[in-house]
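Reader: Hey, can you walk me through this one? I've got it open in front of me.

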Amino acid sequence: MGLVVLGISDLQVSNKADDILITYSLGSCIGVAAYDARAKVGGMIHYMLPLSKISPEKAAIKPGMFADTGIPLLLKSLFTMGATKDNLVLKVAGGSHLMDQNKVFNIGERNYLILRKLLWKNNMLIKSEDVGGNLSRTLRMELATGFTTVKSSQGVREL
Amino acid sequence: MNAKDQIVSKVSSFPTLPVMAGRLLTLLNKPDVTGAEIGKVIQFDPALAANLMKAANSVYLGSSHEVASISEAVFRLGTKWVFQIAVSSLIYSNLRRPVGGYDLSGEDLWRHSIAVAITADLISRQLNHKDVGVVFTGGLLHDMGKIIMGEYVGESFEEIQKLVDDEEISFEEAERRVLGIDHAEIGAMVAENWKFPVVLTACIRYHHNPAAAPEPNQSIDIVHIADALCLMQGYGIGRDGISYRPDPDAVTRLNISNSILELVTSQLVTALEEVDNVIKEAPVAQTAGR
């Protein structure tokens, strides 16, 4: 079994049935797990910011840092491996915020909104999600089946 | 003895800082300190010297051109980074320890501490804040109170978390309600015991609550914002999660925009990788007891 751990700004795809993709400590960052059951390929990203215009040079080195460079790359990589838009199932976790009524630190919310927008433009939907709140989450996906869980201080549940 | 008195009694037995770190920190009070002066203090410490050489030869901190001597390393890095690398190297072993109660592995407390230190540095650059040594060191040490508090927080965790959930108060406020004291205050008491400069102690004491400071201070505000940003992004966080409250007035005082916060966030990833490698790989442990 291969445990593939994604750090902040990482993006991974795999077609190995014994791989498990996992990413820890999703705060305001967002983790997206994508799986195509027919092609048996899956991928995950742990992006931290919505838009790459803040630092195009960083986006060139680490496209997985931003939603607008990372999400298209994740999808494209999966399509190259045989996944199709119709079969891809997307699950999302993260986008938390601090106890911040004034929403000064709204990176989490912006991260989520840009994802919705990107997917909407591509006619893709989120199958299930666990987003927002003051939680730190772990997202985990098994490549054999696409079985995906999210873990937080509130326990573990299937996404 | 109540919980608070028990916790406070631990302050005096908290491990002391390496002598060298103490000497370097006193230099923080000299606003015009030069790289040469700092170099003079650290030149007899081989492990530290090795770290500085390595830092000077790294791309982000130093230059692509190979640096062969300590004096050249000091020159390349500049005063600020000489100080920061030296202090982080010396404090590494103090912070690289697991903290029960908050469920922080040895790696977590270190990672959070160095991330906040670097974020404070990156914010200072954007705002042209001058006391970079203070905010960096304040960032590095802001959570050291957790090392003492851990045991007590562990015993009362359910009660603290229930208060956080039921009354929607921040974690450190709940700590204070249940245990009579919080990790920021305990950390500041350790800093006082170590005879830190007043402003550095204040950065630690008020890192969750800049409004409680006797008067507004930019260094305190920067450490506060840096901590909030790193917690939010999940850098080395524990069981207390991100149940903390950023102070909107600190944001207003600093006049820090969302785009600066996002830029700093993007810069942190690579800066953290590089600094972490410099500090972790060099043999610093042997200097710890001196």
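Author: Sure, one term to start with: helices (H or I, at least four residues) and strands (E, at least two) are DSSP runs, numbered from the N terminus. This is a predicted model, where local features need pLDDT of at least 70, side-chain atom pairs count only at pLDDT 80 or more, and totals for chains, interfaces and linings use all residues. Residues are numbered from 1 along each chain as its sequence is written, with chains lettered from A and ligands numbered from 1 in the order in which they are written.

Reader: Ok, how many helices and strands does chain B have?

Author: Chain B has 15 helices and zero strands. Its radius of gyration (taken over C-alpha atoms) is 18 Å, close to the 19 Å that the globule rule (2.2 Å times the number of residues to the power 0.38) gives for 290 residues, so chain B is as compact as a globular protein of that length.

Reader: And what does its C-alpha trace span?

Author: About 60 × 40 × 30 Å along the principal axes of chain B.

Reader: Switching to chain A: in what order do the strands of the sheet come?

Author: The order is β1-β3-β8-β9-β10 in chain A, five strands in an open sheet with mixed pairing. Two strands pair if DSSP finds at least two bridges between them. At the edges sit β1 (2-6) and β10 (155-158) of chain A, each pairing on one side only.

Reader: Which way do β8 and β9 pair, parallel or antiparallel?

Author: Antiparallel: β8 (residues 137-142) and β9 (residues 148-152) of chain A share four bridges. Arg140(A), for instance, has Thr149(A) in β9(A) as its bridge partner.
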